[in-house]
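Student: Could we walk through this structure together, one question at a time?
Tutor: Gladly! Have a look first, and then ask away.

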Amino acid sequence: MAASKQRLRGGIDLGGTKVQAIVVGDRFGVKGDARLPTPTSGGPREVTEAMAEAMRGAAAAAGVESSALAGVGVGSPGAVDTDAGTVAEAGNLPNWQEPFPLRQRLEEALGTRVALGNDVALALEAEFRLGAGKPYSSMLGVFWGTGVGGGLVLDSKPWRGRGQAGEIGHMVVKQDGARCTCGRRGCVEAYAGRGAMERRARRLLERGRKTDLFRIMEDRGRTRLTSSVWAKALEKRDPMATDLIERAIGALGAGIASALNLVDVEAVVVGGGLGIRLGEPYRERIEKAVMPHLFATESPPPILLAQLGDLGGAIGAAGLIHP
Ligand SMILES: [Zn+2]
């Protein structure tokens, strides 16, 4: 029926490695989804084309044209200007520094209205409203992937501070520690980000340390140490992978505990590509790594896995559209 189809909404999660598109109905039930690798060369134009193609694929899977959707929400990394409809300084996307009119270009390609938002903020909101954070009125979200993103919900509202709050990845866990992509030292992300872990693994390999990480990567036809490459190496008890994950978990534990000591939220939700791929045993290890640094040890808040999994970001993005 055309009337009910009008209520379908699209959501796109634009990540550094993949573009995830979905179509959801009422109450965010997923009606169709499609994903494509994020172009690693070219620029915003090529990335926008991949986004439009993924969205058309998700719409086709839901049995509609993209132009029949009530709208499409987009969760983007970088500096998102929701009023101007532009994205700039997206460091994990190819040649995307200058502001690019993403909203307008996608509207032209998809034939429906488009709304932009920040990827981490949208994934956080989705977990809070529909996922693991649902029973609580305050939570800390930790998105463990290429980088380590985060966000806070306080009194049932996202806390953005003056716009930059929730950067758990840049909590300092070691003074004068490892160099971070932000240019500073000793941040959680400098130890736990998948990007930082891969750079360290390559350096150790050059110094003659043995590992199967890169062989597994090549076997899978990858050029980066993806979450599934790490998972496979850990399963095989690769010593380097085990050491690097140990180090990452230590940094996450110290960073999360420090955040909890300050804001004492009711729950911590761990998501992101690596968090979701590694799953339960590693959630438990993060929980253990938090304890030695926690001030209020009698009643530690639960550390939960993100419930919406890989689709959380795209579901949150669809929430930008109010049919
Ligand atoms: Zn940093």
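Student: In which loop is Arg-237 found?
Tutor: Keep in mind that this is a predicted model. Helix H9 covers residues 239-263. Arg-237 is found in the loop between helix H8 (227-235) and H9.

Student: What is the phi of Arg-237, and is the residue buried or exposed?
Tutor: Most residues other than glycine have a negative phi. Arg-237 is not a glycine, yet its phi is positive, about 55°. As for accessibility, over 50% counts as exposed. Arg-237 has 69% relative accessibility, so the residue is exposed.

Student: Where is Phe-28 placed, and what is its phi?
Tutor: Look at the loop between strand S2 (18-24) and strand S3 (30-37), where Phe-28 has its place. Phe-28 counts as partly exposed because its relative accessibility is 22%. Although Phe-28 is not a glycine, its phi is positive, at about 65°.

Student: Which residues coordinate the zinc ion?
Tutor: The donor spacing in sequence reads H-x9-C-x1-C-x4-C. The donor atoms sit at 2.0 to 2.4 Å and are one ND1 and three SG atoms. They belong to His-170, Cys-180, Cys-182 and Cys-187.

Student: What arrangement do the four donor atoms around the zinc ion make?
Tutor: For four tetrahedral donors, the ideal angle at a metal is 109.5 degrees. Four donors count as tetrahedral if all angles lie between 85 and 135 degrees. Here the angles are 104 to 117°, so the arrangement is tetrahedral.

Student: How many residues apart in sequence are the parts that His-170 and Cys-187 tie together?
Tutor: Both residues lie in the loop between strand S10 (157-159) and helix H5 (189-192). His-170 is partly exposed at 28% relative accessibility, whereas Cys-187 is buried at 1%. The parts tied together by this pair are 17 residues apart in sequence.

Student: Which helix gives the largest share of the lining of the second largest pocket?
Tutor: This pocket has a volume of about 200 Å³. Its lining has eight nonpolar, three polar and one charged residues, including Leu-140, Gln-164 and Glu-167. The largest share, four residues, comes from helix H9.

Student: How far apart do the C-alpha centres of domain 1 and domain 2 lie?
Tutor: The domain assignment gives domain 1 as 2-118 + 312-318 and domain 2 as 132-307. Between their C-alpha centres, the distance is 26 Å.

Note on methods. Residues are numbered from 1 along each chain as its sequence is written. This is a predicted model: local features need pLDDT of at least 70, side-chain atom pairs count only at pLDDT 80 or more; totals for chains, interfaces and linings use all residues. Side-chain values use heavy atoms; hydrogens and water are left out. Donors are N, O and S atoms within 2.8 Å of the metal (3.2 Å for Na, K and Ca); water is not among the atoms, so sites may look incomplete. Four donors count as tetrahedral if all angles lie between 85 and 135 degrees; four count as square planar and six as octahedral if opposite donors are over 155 degrees apart and all others between 65 and 115; anything else is irregular. Helices (H or I, at least four residues) and strands (E, at least two) are DSSP runs, numbered from the N terminus. Buried means under 20% relative accessible area, exposed over 50%, partly exposed in between (1.4 Å probe, protein chains only). On a 1 Å grid over the protein atoms alone, a cavity is a set of points where a 1.4 Å probe fits but cannot get out, and a pocket is an open set with protein on both sides within 12 Å along at least five of seven lines; lining residues have an atom within 4 Å of a point. Grid points are joined across faces, edges and corners, and a volume is the space filled by probe spheres set on the points. Ala, Val, Leu, Ile, Met, Phe, Trp, Tyr, Cys and Pro count as nonpolar, Asp, Glu, Lys and Arg as charged, and the others, Gly among them, as polar. Domain bounds come from an automatic or database domain assignment.
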